[in-house]
Amino acid sequence: MQYGPAVRRRKLGAELRALRGQAGLTSGEAAARVGWHQSKVSRIETGRSGVRASDVRLLLEAYEVDDPQLRELLVVLAGGEDENGRPHWWHAYRGLLPPAYRDFISLESQACRVRTLETTVVPGLLQTPDYARAVTRAALGGLPEEQVRALVQVRLARQDVLRSEPPLRLSVILDEAVLRRQIGGPEVLAGQLRRLLEAARLPQVRIQVLPFVSGEHVGLIGPFVILSFPNISDLDVVVLDHLTSSLYLERKEDLRAYTDAFNSLQGQALSVQDSMDFIAGLGDGV
């Protein structure tokens, strides 16, 4: 169980080490190509030290890596800027967003698939502005209204991954409690339920409801998110949110356990069509 930056350093280092091997270079030869000491390459590859995005680009050039999607992902793992040296969009909010949240956003921005169980609130990628505002005020009480507006803007900007090319594939399991909790009041909830029905029409979005009548299930452990990435199969991580931070599970046995749990919950939940009918019925009664 690790915090996000440690996971990113280790994953980035392992991939850079693999790419160096594919290029047929020793760590000393790689260091010589970019004008470094061999120990710096070793520290990066073992995840013992952080690495700047510019340094990652130097190594990728030395290893003759030209896959743009892979290059972008590895640069994002380094943090700070994109493949073209420009700050990521969330950099503008760096004074407002906790490091753990910025780290999650950076990983989410490069994921190709997200699977999530939500037991309390609608996931951020599907929230309406009014719903996001109510959640933010409740979770971070006492914030000035200007900061609340900025955090809502961040929540909405994150949703661009559903409209990117290719779009993020999103699979969501919602406990019935999420759909009944009147966050923001009846009108806000009604608008949020309509938003879920609209999102479910997107081919890359799959929403299922876990009704109360399903009884006990493995999801009682609490919400979780599984992030999967293109090109690097062993980068997948499970994210668990806590009040003040997020924790990342990356061991194969942990990934397998949460993947099995998600698959089990999908089988126990209503079908996609029955879930939409269920949500529509709740919306009629709000």
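Trainee: How does the lining of the largest cavity divide into nonpolar, polar and charged residues?
Mentor: The model is predicted, so local features need pLDDT of at least 70 and side-chain atom pairs pLDDT 80 or more, while totals for chains, interfaces and linings use all residues. Numbering runs from 1 along each chain's sequence, and side-chain values use heavy atoms, without hydrogens or water. Val7, Arg8, Leu77, Leu107, Phe229, Leu235 and Val237 line this cavity (a 1 Å grid region where a 1.4 Å probe fits but cannot get out; lining atoms within 4 Å of a point). With Arg counted as charged and Val, Leu and Phe as nonpolar, the split is six nonpolar, no polar and one charged.

Trainee: Which residues touch the most other members of the largest nonpolar core?
Mentor: Core members are buried (under 20% relative accessible area, 1.4 Å probe) and joined through side-chain atoms within 4.5 Å. The core holds 63 residues. The top five are Leu74, Leu126, Leu196, Ile207 and Leu227.

Trainee: What does leucine 227 contact beyond four places in sequence?
Mentor: Contact means heavy atoms within 4.5 Å. The partners are Phe104, Leu107, Glu108, Ala111, Arg113, Val114, Asp236, Val237 and Val239.

Trainee: What share of the 286 residues is buried?
Mentor: The burial cut-off used for the core applies here too. The buried share of the chain is 52%.

Trainee: What is the radius of gyration of the chain?
Mentor: The C-alpha atoms fill a box of roughly 70 × 40 × 30 Å along the principal axes. The globule rule is 2.2 Å times the residue number to the power 0.38, over C-alpha atoms. For 286 residues a compact globule would have a value near 19 Å, which agrees with the chain's 21 Å.

Key
1 Å grid on protein atoms, 1.4 Å probe; cavity = no way out; pocket = protein on both sides within 12 Å on 5 of 7 lines; lining within 4 Å. Buried < 20%, exposed > 50% of the residue type's maximum accessible area, 1.4 Å probe, protein only.
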